[in-house]
Amino acid sequence: MAKHKIDIRGVLIPNSYKWYYDWFGEDSTCPRDISNILNLARAGDDVEVYINSPGGVIDVGSEIYTLLREASMQYNVKIYIVGEACSAASVAACAAYSEMSPTALMMVHCVSTGIQGNHTDMEHMAEVL
């Protein structure tokens, strides 16, 4: 039985953005990072996931959640929140058994959005609402 470590650090980003973050040496996690490690695991292996992320793209958080949730059916997955699991990272943190450091932070929030434009755009939105 082997042990595999997954670090979810930095912003959660789509696979296609990874090169940019790597180029500038910025911490980031994409679904492919998770898949690459899970592909090395075999039935019964231990998978430890360490999260310290401010969140990011919710679609990515959902995809990582799904990857880890499916993995928990085959492997012994444990999630450790060692810093922060905010926004989309909090979704990923719910994929399996989780433990939090006493100084860690989990932040869940409602969906947010924005609008821009000139005053006529705003008037139109007010009529719709």
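This is a stop-by-stop tour of the structure above.

**Before you start**

The model is predicted: local features need pLDDT of at least 70, side-chain atom pairs count only at pLDDT 80 or more, and totals for chains, interfaces and linings use all residues. Residues are numbered from 1 along each chain as its sequence is written, and side-chain values use heavy atoms, with hydrogens and water left out.

**Stop 1: the core**

Select Ile 8, Val 49 and Leu 68. These have the most contacts inside the largest nonpolar core, which has 25 residues. A nonpolar core here is a set of buried Ala, Val, Leu, Ile, Met, Phe, Trp, Tyr and Cys residues joined through side-chain atoms within 4.5 Å. Buried is under 20% relative accessible area, exposed is over 50%, and partly exposed lies in between (1.4 Å probe, protein chains only).

Now colour the elements that give two or more residues to this core: β1 (3-12), α2 (31-38), β3 (46-56), α3 (58-71), β4 (76-86) and α4 (88-93). Helices (H or I, at least four residues) and strands (E, at least two) are DSSP runs, numbered from the N terminus.

Stay on Val 49. Leaving out residues up to four places away in sequence, Val 49 touches Ile 6, Ile 8, Leu 68, Val 77, Lys 78, Ile 79 and Tyr 80. Contact means heavy atoms within 4.5 Å.

**Stop 2: strand β2**

Select Thr 29. This residue sits in strand β2 (residues 28-29). Thr 29 is buried, at 1% relative accessibility. Show polar contacts: N or O atoms within 3.5 Å; within protein, one must be able to donate a hydrogen and the other to accept it, and residues adjacent in sequence count only if both atoms are side-chain atoms. The Thr 29 side chain reaches the backbone oxygen of Arg 9 at 2.9 Å. Beyond four places in sequence, Thr 29 touches residues including Asp 7, Ile 8, Val 11, Ile 34, Val 60 and Ile 64.

Step to Ser 28, also placed in strand β2. Ser 28 counts as buried at 10% relative accessibility. With neighbours within four places set aside, its contacts are Arg 9, Gly 10, Val 11, Ile 13, Lys 18, Tyr 21, Asp 22 and Asp 33. Draw a distance from here to Thr 113: the C-alpha atoms are 23 Å apart, with the two positions 85 residues apart along the chain.

**Stop 3: the start of β4**

Select Asn 76, in strand β4. Is Asn 76 buried or partly exposed? At 38% relative accessibility, Asn 76 is partly exposed. Apart from neighbours within four places in sequence, Asn 76 contacts Asp 45, Asp 46 and Val 47. Its C-alpha is 24 Å from that of Ser 28, and the two are 48 residues apart along the chain.

**Stop 4: the rings**

Show Phe, Tyr and Trp. Rings pair if their centres lie within 6.5 Å, using the six-membered ring of Trp; planes under 30 degrees apart are stacked, over 60 edge-to-face, and the rest tilted. The count comes to four aromatic pairs. Tyr 50 and Tyr 80 have ring centres 5.2 Å apart and planes at 20°, so this pair is stacked. Tyr 50 lies in strand β3 and Tyr 80 in strand β4, so the pair ties together parts 30 residues apart in sequence. Tyr 80 counts as buried, at 18% relative accessibility.

Add Lys 5. Lys 5 lies over the face of Tyr 50, at 5.2 Å from the ring centre. The rule for a charge over a ring: NZ of Lys or CZ of Arg within 6 Å of the ring centre and within 35 degrees of the ring normal.

Then select Trp 19, Tyr 20, Tyr 21 and Phe 24, which ring pairs link into a cluster.

**Stop 5: the cysteines**

Why does the structure hold zero disulfides? A disulfide is a pair of cysteine sulfur atoms within 2.5 Å. Select Cys 86: its sulfur is 12 Å from the closest cysteine sulfur, in Cys 94, too far for a bond. Cys 86 is buried, with a relative accessible area of 5%. Cys 94 is partly exposed, at 47%.

**Stop 6: two loops**

Select Ser 87, in the loop between β4 and α4. Check its backbone: phi is positive, about 55°, although Ser 87 is not a glycine.

Finish at Thr 103, in the loop between β5 (97-100) and β6 (105-107). Thr 103 is exposed, with a relative accessible area of 71%. The C-alpha atoms of Thr 103 and Val 82 are separated by 7.9 Å, and the two residues are 21 apart along the chain.
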